[in-house]
Protein chains: 2
Amino acid sequence: MLKHICSPTCTHGVSPEDEKDVKEEFKVARRSFLRDAMVASGTAVSASALSVSMTPSAFAASAKPGSGMTSHYYIPASANTVLWGYFSKSAKPVVTVESGDFVTIETLTHHANDDAERMVRGDAGAESVFHWDSTKKGVNRRGAGPMDAKVGAGGGQGVHICTGPVHIKGAEAGDILEVRIIDVTPRPSANPLYKGRAFGSNAAANWGFHYGDTLTEPKKREVVTIYEVDATGERNWARAVYNYKWTPQTDPFGVVHPTIDYPGVPVNHSTITKNDKILQNIRIPVRPHFGTMGVAPAEADMVTSIPPNYTGGNIDNWRIGKGATVYYPVAVPGAMFSVGDPHASQGDSELCGTAIECSLTGTFQLILHKKASLPGTPLAELNYPLLETQDDWVLHGFSYANYLAELGPDAQNAIYSKSSVDLALRDAYHKMRHFLMTTQRLGEDEAISLMSIAVDFGITQVVDGNWGVHAVVKKSIFPARGV
Amino acid sequence: MLKHICSPTCTHGVSPEDEKDVKEEFKVARRSFLRDAMVASGTAVSASALSVSMTPSAFAASAKPGSGMTSHYYIPASANTVLWGYFSKSAKPVVTVESGDFVTIETLTHHANDDAERMVRGDAGAESVFHWDSTKKGVNRRGAGPMDAKVGAGGGQGVHICTGPVHIKGAEAGDILEVRIIDVTPRPSANPLYKGRAFGSNAAANWGFHYGDTLTEPKKREVVTIYEVDATGERNWARAVYNYKWTPQTDPFGVVHPTIDYPGVPVNHSTITKNDKILQNIRIPVRPHFGTMGVAPAEADMVTSIPPNYTGGNIDNWRIGKGATVYYPVAVPGAMFSVGDPHASQGDSELCGTAIECSLTGTFQLILHKKASLPGTPLAELNYPLLETQDDWVLHGFSYANYLAELGPDAQNAIYSKSSVDLALRDAYHKMRHFLMTTQRLGEDEAISLMSIAVDFGITQVVDGNWGVHAVVKKSIFPARGV
């Protein structure tokens with residue numbers, strides 16, 4: 001499905017054949033947990049919510065589907081459809097959808113300007129976002145910080161280009177938003193020189209776990225590696241193209257960036273030295289996913305996109321890809337869903353600070369579960385982002401489960417000096433215990449034993465301020481519901 | 001192969017058919033890394049080392065195979081063939097083997113006395129090890145501590161029953177010992193009441209990550225859960241049988257054990273309350289493996305079996321099972337290999353303190369790589385236990401890479417208050433960087449980028465004093481050698 005990647009000006013409809021594909025693809029991709037659960041608990045999902053009837057893709061067209069119909073919206077990435085570096089409960093939605101609707105969303109990597117020739121040039125959407133001349137930027141605010149910050153508007157306190165927000169009609173605090181990832185495709189380079197290829201950037205950056213702890217000098221160097229991904233989908237691996245050491249970059253407003261301290265600074269390639277004999281013959285398995293995806297938190301009006309939190313955000317788990325579903329606790333009216341930080345591949349820990357940061361387009365189905373319908377279902381009491389893949393439940397622990405509430409008014413700055421993997425493991429333990437005790441109705445001693453013999457705890461990331469540990473448990477170990 | 005599990009008194013030989021199976025099984029189980037590597041580096045493994053010709057299994061019979069022959073030894077578990085709770089470079093070897101020989105080794109879980117009816121009774125080997133009456137114990141020393149320790153001889157400073165040591169002829173410090181795990185089978189209950197079944201114990205113990213951090217009272221409880229494993233190999237899952245809270249146990253010498261503070265204390269089942277309606281219908285995937293396996297360290301004569309170290313030991317990684325190979329740096333003459341702490345299943349982190357502790361029998365091939373042959377091969381400079389599975393390289397980081405050398409004379413006690421996952425991740429980062437730079441000849445910047453996009457860091461265990469983080473990288477990402 002979605003063999004054709006729409007451009008921002010694309011107005012064609014989705015064909016009836018593709019409609020069918022959408023439904024089939026997801027059904028095959030994984031067994032549906034929630035549908036079973038809802039049926040088991042007596043709250044049948046209405047037939048209308050499961051039937052898919054697409055309206056013509058229409059950016060921000062407030063389609064008013066009739067009863068029994070769902071809509072399919074298309075949100076291109078452009079200067080008008082993104083928030084750069086923050087979540088905001090009060091941002092103007094780019095589209096308002098009903099529960100059950102589909103949304104195809106373009107996302108841009110905030111590292112595209114590391115090689116603008118390959119990742120920006122000729123791409124109208126990316127050009128509108130990354131535009132920056134001596135008088136203005138396509139998107140001025142980058143981050144939740146002050147607009148007069150020396151480094152640039154928004155202070156770079158938050159870096160991810162998040163497309164959205166999408167307002168889900170009727171969503172309120174206490175509800176759960178289910179996000180099904182139907183499809184993920186790379187965004188091809190729009191530069192004719194690189195036809196059929198897509199590119200990503202990996203920055204071994206100053207916030208990386210390795211920074212300052214290197215064998216060779218200078219120990220505090222930042223290195224950008226450009227990777228190539230096959231945009232046609234024929235190859236399931238990426239390869240390195242070249243790398244370079246970051247050199248101080250002067251942005252079009254005249255501010256010098258000695259390190260990667262502000263997102264989207266155009267890298268002047270005449271100031272860098274490219275090494276192209278790197279990682280020769282090495283094939284990186286591709287794991288396309290969204291590093292940052294979630295709903296707006298309630299605790300502040302404008303929240304940096306960097307530390308993940310109870311509402312999701314920058315979880316940076318490579319398992320959040322095609323066929324996966326994430327359940328988020330809704331914290332504000334409309335939920336205000338947005339997505340960004342697309343990755344072609346990442347390892348658990350995201351050690352050097354970034355993944356292969358590579359623009360992607362995703363198709364999502366958004367399903368709202370109202371608070372009143374939750375008791376007795378596995379989503380009751382869910383207060384963190386829960387991931388379901390084909391085979392596993394994946395729970396996300398953080399050093400601070402809700403750092404905005406726990407660390408006080410300066411939380412968005414304070415979090416960076418307070419995280420540890422040990423704390424994140426503690427939180428993941430608490431969450432997995434709760435999950436087993438509520439959704440599987442186990443006693444505490446049963447849950448603790450099971451965690452030691454059948455749950456795998458891994459390091460999600462140690463580079464996002466609020467560090468993460470995920471806990472993975474196989475769905476197959478649990479008895480069929482109702483048995 | 002090895003459909004028949006030998007008993008300690010078993011003297012029959014391995015049939016020619018089984019010989020062939022041994023070779024085939026391992027060949028199919030994974031691609032051989034080292035053979036390729038050795039050939040590539042010009043150091044061909046001699047044809048004789050690859051040809052397998054078994055002599056009759058003979059415990060401690062110093063077979064003297066002729067040129068081109070390898071031997072197959074059988075080491076039953078008994079009071080005379082185990083060290084309980086420690087590694088020792090000066091212990092008397094139970095057998096001396098040549099490089100390339102096969103050894104089938106019985107291992108006993110030190111938790112068998114949690115349910116002696118199921119895991120000890122009628123089993124001559126286990127009975128000889130666990131024997132304990134008012135006058136004597138089958139194995140008196142349990143741990144590397146003082147013999148007059150109040151809690152019992154050896155102080156429980158080390159708890160695992162390790163079968164061995166096996167002396168490898170010609171092994172010296174600086175060499176590498178390759179241990180191929182050819183087969184792993186559960187040890188069936190010898191009690192006729194439980195024919196065809198095997199059992200294991202999971203103790204949510206005072207050294208667990210959860211201890212004192214529970215929802216229900218008493219927060220500092222210890223809970224033992226008994227699991228059943230199918231000994232016939234027909235089922236690939238385990239199920240819980242019952243659990244009980246640990247109550248103070250008086251050992252046959254009259255010492256009271258208020259907690260699990262000494263290994264092998266017989267649990268008097270008249271003092272406990274069994275709950276048998278637990279984990280109903282839940283199927284735990286079986287992952288048989290050896291929690292503790294390694295060679296003797298050089299730093300002390302007697303070293304507790306609990307914290308893992310550069311020589312391996314209690315790594316507690318469930319990937320160390322059938323088809324896997326571990327490479328250990330040899331630290332003392334003869335290498336002094338031993339194995340114990342058998343597990344039917346464990347999750348990454350081993351959160352509550354133990355796995356499904358279940359007696360197993362393993363067949364291993366031991367191959368010595370002399371120091372002089374290492375330069376130019378992937379094993380050059382290897383100073384930690386390296387695991388190879390069918391698909392992956394798995395490197396083991398610890399809070400302290402060599403805690404015995406780093407923490408001074410009191411290291412064996414001091415380690416328990418000094419570990420963190422963060423430190424173990426730091427060590428795993430250093431080791432993976434070294435691995436990529438030496439075995440794959442990458443520059444530091446290439447290695448660091450690759451680690452962030454293609455290496456998964458997971459939490460091995462947080463309950464063994466010296467905490468562990470493993471780094472997993474797929475073998476398939478690397479180009480074929482010589483290309």
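Across all chains of this predicted model, a search of the whole structure finds 42 salt bridges. Side chains of opposite charge can pair when their charged atoms come close. One of these pairs joins A:Asp183 to A:Lys322, with 3.1 Å between the closest N and O atoms. Because A:Asp183 belongs to strand E7 (residues 176–186) of chain A while A:Lys322 sits in the loop between strand E16 (312–313) and strand E17 (325–329) of chain A, this salt bridge ties together parts that are 139 residues apart in sequence. The two partners are set in unlike surroundings: A:Asp183 is buried, at 5% relative accessibility, whereas A:Lys322 is partly exposed, at 44%.

A salt bridge also links A:Asp348 and A:Arg319, at 2.8 Å from N to O. Here A:Asp348 lies in the loop between strand E18 (337–345) and strand E19 (356–357) of chain A, and A:Arg319 lies in the loop between E16 and E17 of chain A, so the pair connects parts that are 29 residues apart in sequence. Both A:Asp348 and A:Arg319 are buried.

In chain B, B:Glu228 and B:Arg197 meet through their side chains in a salt bridge of 3.2 Å, N to O. B:Glu228 is part of strand E9 (residues 223–230) of chain B and B:Arg197 is part of strand E8 (residues 197–204) of chain B, so parts that are 31 residues apart in sequence are tied together by this pair. B:Glu228 counts as buried, at 5% relative accessibility, while B:Arg197, with a relative accessible area of 29%, is partly exposed. In chain A, salt bridges that share partners join A:Arg197, A:Glu228, A:Arg235 and A:Arg239 into one network.

The salt bridges described one by one in this report, including one between the chains, are listed here.

| Acidic residue | Basic residue | N to O distance |
|---|---|---|
| A:Asp183 | A:Lys322 | 3.1 Å |
| A:Asp348 | A:Arg319 | 2.8 Å |
| B:Glu228 | B:Arg197 | 3.2 Å |
| B:Asp445 | A:Arg221 | 2.8 Å |

Turning to the contact between the chains, chain B contributes 70 residues and chain A contributes 70 residues. About 5,400 Å² is buried between chain B and chain A, and 58% of that area is on carbon and sulfur atoms. On the side of chain B, B:Phe209, B:Ser452 and B:Ile453 supply 12% of the area that this chain buries against chain A, which is more than any other three residues.

Polar and charged pairs are also found between chain B and chain A, with a count of eight salt bridges and 51 residue pairs in polar contact. The elements that give two or more residues to the side of chain B that touches chain A include E8, E9, strand E10 (237–245), helix H8 (421–439) and helix H9 (444–454) of chain B. The largest share of that side, 10 residues, comes from H9(B). By residue type, the side of chain B that touches chain A divides into 35 nonpolar, 19 polar and 16 charged residues.

As for covalent links between cysteines, the search of the whole structure finds zero disulfides over all chains. A:Cys358 is in no disulfide, and the nearest cysteine sulfur, that of A:Cys352, is 16 Å away; A:Cys358 is buried, at a relative accessible area of 0%. B:Cys352 is likewise in no disulfide, its nearest cysteine sulfur being that of B:Cys358, 16 Å away, and B:Cys352 counts as buried at 0% relative accessibility.

Conventions. Residues numbered from 1 in each chain as written. Chains lettered and ligands numbered in written order. Predicted model: local features only at pLDDT ≥ 70, side-chain atom pairs only at ≥ 80, totals over all residues. Heavy atoms only, no water. Salt bridge = Lys/Arg side-chain N within 4 Å of Asp/Glu carboxyl O. Helix = DSSP H or I, 4+ residues; strand = E, 2+ residues; numbered from the N terminus. Buried < 20%, exposed > 50% of the residue type's maximum accessible area, 1.4 Å probe, protein only. Contact = heavy atoms within 4.5 Å. Buried area = accessible area lost by both parts, 1.4 Å probe. Polar contact = N/O pair within 3.5 Å; in protein donor to acceptor, adjacent residues only side chain to side chain. Nonpolar A, V, L, I, M, F, W, Y, C, P; charged D, E, K, R; others polar. Disulfide = S-S within 2.5 Å.
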